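Colleague: I have a model open and would like a close look at one part of it. Please keep to what can be read from the coordinates.

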Amino acid sequence: MTAGAARSGSLTALVPLTERPARDPITRTLHPERDPEPPAAGRGDRRTVRDRQEGPGPGSRVLFWVLLGLLAGATVALRAWHQGTAYELFMDEIQYADVGNSFAAGHGPELFDEPFFLHPPLLFALLGLVIGQPVDHMTVEFVLGLRPVELVFAAANVLLVVGIARRVVGPWAALLAGLVYALDPFVVRFDSRLMLEAPMMFGILAGVLALLVAVDRTSRSARLAWFAVGGVAWGIAITTKSTAALITAFPLLIMFVTSWGLRRREALGVLAVQASVYATYVVWVLATGNVGPWFDQTIAGTLRAVGIIKQTGFNAPHSSSFTDRLLAQGVWFFPSYLLIGWRSLRVGREGTHGSHALRGDGDDLGLLTCWLAGVLAAIVYTFGLGEVEEQTFYLLAVPSTVVVAMLVTQMASWRTGARIALTVVVTLVLTSSAIIWSTLRTDRDDTYLRLVEYMYATIDVQNEIAVGEHTAQFVLPGYGIHELDSIDSARRTFSRYALVSTELTEQGLAPAPPELLDELARRYTLVFTAHGRTAGDLRLYDLNQPLDGTPPVAPGPPR
């Protein structure tokens with residue numbers, strides 16, 4: 001059976017296990033100088049020759065590109081529909097919007113007028129270009145208005161996922177990997193909000209695809225050029241979010257040690273290129289005189305990443321446990337958690353032995369194996385010792401969509417029962433993801449948007465507000481904002497109103513203690529409430545309207 005037939009995309013055209021070459025498929029084509037079967041004279045790059053030999057005709061190729069275009073469009077549409085109301089405002093979104101607003105104002109990386117170097121500035125600089133006209137204060141509407149920027153990266157990422165999968169599997173399996181990315185509830189949640197994960201993943205996926213193209217080139221100059229492109233893309237990922245260094249350095253380290261996928265000097269070369277991209281950012285920091293804040297915040301961020309400092313995340317003291325959050329969110333994201341766990345087990349058990357290599361070239365499969373194993377190693381380390389947060393698993397959820405395509409392609413060599421089981425699992429996951437998407441997009445989770453609409457329409461901005469959560473303080477310009485941890489603290493600040501979130505308080509993610517919720521409900525008049533999945537009940541109480549006959553908290557005139 002020819003390599004072309006194996007790459008046709010048909011499950012029945014796969015190479016049977018008995019027809020595999022005796023040489024390890026991972027290392028077979030790794031080093032041409034050691035391969036006893038030199039390339040034919042006049043041969044171009046391996047991919048071009050293989051593509052000319054493989055089965056699909058022009059009609060199939062046109063259909064593939066049409067479906068890919070539809071998939072990209074559907075990916076954007078799935079995230080754009082009710083984008084502003086389907087997911088609650090996240091405090092990090094406010095901070096990223098403010099740093100982008102600072103770039104738009106020409107101030108560079110500043111968060112609320114203070115230097116900000118906890119994350120590299122690439123996305124914030126892009127947001128500065130999108131904003132154009134800076135604003136004086138953050139508002140909910142302003143932050144939500146920047147969310148569509150993420151749609152560009154979602155569209156690019158699904159194309160890159162399909163492109164990466166297509167290097168080692170047939171066209172329909174590659175499209176399936178893209179469909180999993182497009183529908184996965186966990187991925188959709190991050191791609192729909194103003195977060196760093198999707199832009200960072202764009203650089204990572206682009207780098208992987210560039211490296212896959214490089215290993216299929218026989219010309220030294222072409223290989224070096226594509227390796228440089230891959231290194232630049234991974235450098236861009238690191239200057240978007242420094243966490244990308246973990247899931248690019250680990251794979252390169254594995255490649256250097258094992259010589260799988262890339263030769264040792266090639267792995268070092270890619271590492272040097274991406275380091276030079278980050279070094280350019282450091283030079284810019286030095287030139288702008290911000291080395292002090294950059295060093296302090298970068299060191300703090302590094303210590304958090306490696307787990308020496310645990311301020312947030314599931315490993316932090318007094319935080320909600322990972323198991324609790326898994327159970328609480330399982331109803332909405334169980335297809336994602338199922339796939340993340342399943343893919344992780346498959347990568348950990350099979351990826352390092354090359355058992356996915358039923359077709360294609362060893363370099364391609366070795367590179368993907370090292371990439372996926374490196375990502376898994378980084379996640380395992382972070383989960384055990386680092387500052388693991390929910391977005392950490394995005395770093396595994398997206399790359400391992402390629403594993404789905406590999407497993408589906410591998411089904412031809414499985415027993416009938418295993419093939420049926422996998423088909424049922426994939427169908428169940430895709431169907432559940434579609435149902436969950438429909439539910440999330442039709443139910444509103446926008447309590448802060450409804451809160452600010454009510455407050456600016458009915459409450460004088462001269463009033464003092466005691467907030468028992470962390471987000472509202474950034475989106476209520478004009479009001480006097482104070483932290484609420486007791487009725488006495490509200491009294492000391494002459495606060496007329498108290499704002500609390502039931503869900504965030506019960507999770508220990510807010511300054512207000514849980515017993516304060518009962519006290520407010522028992523003693524004061526509730527003037528506004530909005531319910532959502534994230535904040536639970538966002539409640540606003542008028543402390544000047546006691547229900548138990550006690551004196552008002554803020555009897556004096558507004559400031």
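My request concerns Tyr278 and Tyr281: are both buried or exposed? Please take that pair, then walk me through the other parts you have examined.

Modeller: Keep in mind that this is a predicted model. Both tyrosines, Tyr278 and Tyr281, are buried. They form an aromatic pair with an edge-to-face arrangement. Their ring centres are 5.4 Å apart, and the planes meet at 75°. Why do Tyr278 and Tyr281 sit about one helical turn apart? Because they are three residues apart in helix 13, which covers residues 264–287.

The structure holds 11 aromatic pairs. Phe64 and Trp65 make up one of them, and this pair is edge-to-face. Here the centres are 5.6 Å apart, with 75° between the planes. The burial of the two partners is worth checking. Phe64 counts as buried because its relative accessible area is 10%, under the 20% cut-off. Trp65 counts as exposed because its value is 57%, over the 50% cut-off. There is also an aromatic cluster, made up of Tyr96, Phe116 and Phe124.

Phe116 leads on to a proline. Phe116 is among the contacts of Pro109, leaving aside neighbours within four places in sequence. On that basis the list also has Val99, Ser102, Phe103, Glu114, Pro115, Phe117 and Trp284. Pro109 lies in the loop between helix 4 (91–104) and strand 1 (110–111). Pro109 is buried, because its relative accessible area is 5%. Another proline, Pro120, is 11 residues from Pro109 in sequence. In space, the two are 8.8 Å apart, C-alpha to C-alpha.

Next comes a loop arginine. Arg147 is found between helix 6 (140–144) and helix 7 (149–166). Its relative accessible area is 0%, so Arg147 counts as buried. The side chain of Arg147 has a polar contact with the side chain of Glu93, at 2.8 Å. Glu93 also appears among the contacts of Arg147 when neighbours within four places in sequence are left aside. Others in that set include Gln83, Gly84, Tyr87, Glu88 and Leu89. Ser192, Arg193 and Leu194 belong to that set too.

Helix 6, which borders that loop, turns up again further along the chain. It is among the elements that cover the buried residues of helix 20. Also in that cover are strand 3 (464–467), strand 5 (497–501) and helix 22 (502–506). Strand 6 (524–532) and strand 7 (536–546) contribute as well. The buried residues of helix 20 include Thr447, Tyr448, Leu449, Leu451, Val452 and Met455. Helix 20 runs over residues 447–458 and has 12 residues. From its first C-alpha to its last it reaches 16 Å, close to the 16 Å expected at 1.5 Å a residue.

Now to strand 3 itself. Glu464 and Ala466 point one way, while Ile465 and Val467 point the other way. All four of these are buried. In a regular strand, side chains alternate between the two faces of the sheet. Strand 3 pairs with strand 4 (residues 480–483) in the parallel sense, over four bridges. Within strand 4, Gly480 stands opposite Glu464. Strand 3 also runs parallel to strand 5, and three bridges join them. There, Tyr497 of strand 5 is the bridge partner of Ile465.

Technical notes. Residues numbered from 1 in each chain as written. Predicted model: local features only at pLDDT ≥ 70, side-chain atom pairs only at ≥ 80, totals over all residues. Heavy atoms only, no water. Helix = DSSP H or I, 4+ residues; strand = E, 2+ residues; numbered from the N terminus. Buried < 20%, exposed > 50% of the residue type's maximum accessible area, 1.4 Å probe, protein only. Polar contact = N/O pair within 3.5 Å; in protein donor to acceptor, adjacent residues only side chain to side chain. Contact = heavy atoms within 4.5 Å. Expected span 1.5 Å × (residues − 1). Phe/Tyr/Trp six-rings, centres within 6.5 Å; stacked < 30°, edge-to-face > 60°. Pairing = 2+ DSSP bridges.
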